[in-house]
Amino acid sequence: MQSESTVDRAGDTLRIEQRLEGRFRIARTLAHSATARLLEAVELVSGRQVAHKLLEEHFSSHALVRARCQREMEAVAALRHPNVHQVLELCFDQQGRPYAVLEPLSGTDLESLCRDRGGRLEPAELRAIARAA
């Protein structure tokens, strides 16, 4: 997954804010995959920082994909682990697509860590990462 700026996707940001009923200001896209996007956001009323996992728009008409995404979000909501986003809310947008409001995790992703270290991690670092996961 690759990080990207919402400046490059300003049109998407406006549509996302509308879908989320104006409750959140989207700061940036943290990551995306073929089916979903992870967004950094701020709840407008409370100022609380959150993350959103939102099904990509082109899947809005695929009932099976929407159902699978909803089941995944429900399963994650039941998990409690320091390396898993805590699900704060499960919601549906105006198109019926499920999305999750998540607590943000702090730290560095593995891709950035490898890039910062010149593409190589020491065996002891890899073991520590594996144990933490």
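The following paragraphs describe the fold, the central sheet and selected residues of a predicted model of one protein chain.

The secondary structure of the chain consists of four helices and five strands, and, read from the N terminus, these elements follow one another in the order α-β-β-β-α-β-β-α-α. Of the 133 residues in the chain, 29% are buried, while the accessible surface amounts to about 8400 Å², with carbon and sulfur atoms contributing 53% of that area. When contacts with a separation of 6 or more are considered, 39% of them link residues that lie 24 or more positions apart.

Confidence in the model varies along the chain. The mean pLDDT is 77, and 83% of the residues reach 70 or more. Among the secondary structure elements, strand E3 has the highest confidence, at a mean of 87, whereas helix H1, residues 10-19, has the lowest, at a mean of 46. The pLDDT is below 50 over residues 1-14, although this stretch has 23 contacts in the model beyond near neighbours in sequence. Where pLDDT is low, the predicted coordinates should not be read in detail.

The five strands form an open, antiparallel sheet, in which the order of the strands is E1-E2-E3-E5-E4. Strand E1, residues 24-32, and strand E4, residues 87-92, are the edge strands, each of them pairing on one side only. With direction ignored, neighbouring strands of this sheet are turned by 25° against each other on average.

Following the sheet from the E1 edge, the pairing of E1 with E2 is antiparallel and comprises seven bridges; within this pair, isoleucine 26 has alanine 41 in E2 as its bridge partner. The two strands form a hairpin, with three residues between them. Strand E2, residues 36-43, has six of its eight residues buried, and it is therefore largely enclosed by the rest of the structure. On to E3, the antiparallel pairing of E2 again rests on seven bridges, and here glutamate 40 is matched with alanine 51 in E3. E2 and E3 likewise form a hairpin, in this case with five residues between them, and glycine 47 in the turn has a positive phi of about 80°.

The next neighbour in the sheet is E5, which runs antiparallel to E3 and is joined to E3 by four bridges; in this pair, histidine 52 stands opposite valine 101 in E5. On the side of the E4 edge, five bridges hold the antiparallel pair formed by E4 and strand E5, residues 98-102. Leucine 90 has alanine 100 in E5 as its bridge partner, and phenylalanine 92 stands opposite proline 98 in E5. E4 and E5 also form a hairpin, with five residues between them, and the turn contains glycine 96, whose phi is positive at about 85°.

The burial of E5 can be followed residue by residue. In a regular strand the side chains alternate between the two faces of the sheet. In E5, Pro98, Ala100 and Leu102 lie on one side and Tyr99 and Val101 on the other, and all of these are buried, with the result that both faces of the strand are covered. Because five of the five residues of E5 are buried, this strand is largely enclosed by the rest of the structure. Helix H2, residues 63-78, lies across E3, residues 49-55, as well as E4 and E5, and runs at about 160° to E4.

Some individual residues complete the picture. Histidine 62 is located in the loop between E3 and H2, and its relative accessible area of 39% makes this residue partly exposed, because that class lies between the limit for buried residues, under 20%, and the limit for exposed residues, over 50%. Although histidine 62 and arginine 97 are 35 residues apart in sequence, their C-alpha atoms are 9.5 Å apart in space. Cysteine 69 has a relative accessible area of 6% and is therefore buried, and cysteine 91 is also buried, with a relative accessible area of 13%. A disulfide is a covalent bond between the sulfur atoms of two cysteines, and a search of the whole structure finds zero disulfides.

Notes
Residues numbered from 1 in each chain as written. Heavy atoms only, no water. Pairing = 2+ DSSP bridges. Axes fitted to C-alpha atoms, helices over the stretch in contact; angles between N-to-C directions. Contact = heavy atoms within 4.5 Å. Buried < 20%, exposed > 50% of the residue type's maximum accessible area, 1.4 Å probe, protein only. Areas by Shrake-Rupley, 256 points an atom, 1.4 Å probe, with all protein chains shown as cover. pLDDT = per-residue confidence, 0-100. Disulfide = S-S within 2.5 Å.
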